[in-house]
Amino acid sequence: MRIPLTVTELRYEDLAAKAAGIAAAGGRGHLHTTPPGCRITGDSRRAIVLEATDEGTAYAFCDEAPIEDRARPLAILLHGADSVPGEDEVLEPASSAVNTMADRMRMGKGHFHILTPACLANPNPGRWTIVFEDDDLGILESVTDERPLADIRLVERLIYT
Ligand SMILES: [Zn+2]
Ligand SMILES: [Zn+2]
């Protein structure tokens with residue numbers, strides 16, 4: 001783990017082109033959206049962080065304005081349309097730990113990250129980690145060996161919709 005990540009800052013257009021290039025090449029890559037003060041960036045601005053897993057490097061587009069609408073098409077490009085559940089889709093029950101984090105998020109108490117086994121920001125390399133950076137409680141974590149699909153879908157719905 002090495003957070004804050006060392007990132008190369010790009011313009012949005014260049015970050016989007018980088019994501020498209022990874023997707024077109026069938027490479028590995030993923031996104032994080034980070035609010036001001038997030039541990040992943042350690043930056044006072046919002047950011048879309050793109051990890052180019054095959055390069056072992058990370059890029060970021062930073063802005064003061066909300067970035068979720070600009071992150072969404074890139075997330076679909078890199079993670080697949082399935083990763084962002086539709087409004088009408090019924091979700092499996094999430095774990096109690098992640099449900100607790102979701103309740104905190106609905107109260108406006110912090111933000112989520114889904115960290116894959118290959119994620120550079122994952123404190124548990126090789127495992128899946130769902131992190132909630134809670135404004136009052138500090139860092140909440142749920143760590144699993146298997147991809148926690150129901151938890152991920154709950155979190156992505158909270159992040160992207
Ligand atoms: Zn964060
Ligand atoms: Zn990552």
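In the predicted model, the zinc ion (ligand 1) has a tetrahedral arrangement of donors, because the angles subtended by its 4 donor atoms run from 103 to 123 degrees and four donors count as tetrahedral if all angles lie between 85 and 135 degrees. The protein donors are Cys38 through SG, His111 and His113 through NE2, and Glu133 through OE, at 2.0 to 2.1 Å from the ion. Along the chain, the donors of the zinc ion (ligand 1) have the spacing C-x72-H-x1-H-x19-E. Distant parts of the chain are linked by the pair of cysteine 38 and histidine 111, which are 73 residues apart. Cysteine 38 belongs to the loop between strand 2 (29–34) and strand 3 (46–52), whereas histidine 111 lies in strand 5.

Cysteine 38 counts as buried because its relative accessibility is 0%. Histidine 111, with a relative accessibility of 16%, also counts as buried, since the class takes in values under 20%.

Internal space was examined next. The structure contains 1 cavity of 30 Å³ or more, and the largest cavity encloses about 60 Å³ of space. Its lining is made up of 10 residues, of which Arg39, Ile40, Leu115, Ala121 and Val131 are the closest to the centre. By class, the lining of the largest cavity comprises 7 nonpolar, 1 polar and 2 charged residues. At least two lining residues come from each of strand 5 (110–115) and strand 6 (128–134). Strand 5 thus appears both in the lining of the largest cavity and, through histidine 111, among the elements that carry a zinc donor.

Methods:
Residues are numbered from 1 along each chain as its sequence is written. Chains are lettered from A and ligands numbered from 1 in the order in which they are written. This is a predicted model: local features need pLDDT of at least 70, side-chain atom pairs count only at pLDDT 80 or more; totals for chains, interfaces and linings use all residues. Side-chain values use heavy atoms; hydrogens and water are left out. On a 1 Å grid over the protein atoms alone, a cavity is a set of points where a 1.4 Å probe fits but cannot get out, and a pocket is an open set with protein on both sides within 12 Å along at least five of seven lines; lining residues have an atom within 4 Å of a point. Grid points are joined across faces, edges and corners, and a volume is the space filled by probe spheres set on the points. Helices (H or I, at least four residues) and strands (E, at least two) are DSSP runs, numbered from the N terminus. Ala, Val, Leu, Ile, Met, Phe, Trp, Tyr, Cys and Pro count as nonpolar, Asp, Glu, Lys and Arg as charged, and the others, Gly among them, as polar. Donors are N, O and S atoms within 2.8 Å of the metal (3.2 Å for Na, K and Ca); water is not among the atoms, so sites may look incomplete. Four donors count as tetrahedral if all angles lie between 85 and 135 degrees; four count as square planar and six as octahedral if opposite donors are over 155 degrees apart and all others between 65 and 115; anything else is irregular. Buried means under 20% relative accessible area, exposed over 50%, partly exposed in between (1.4 Å probe, protein chains only).
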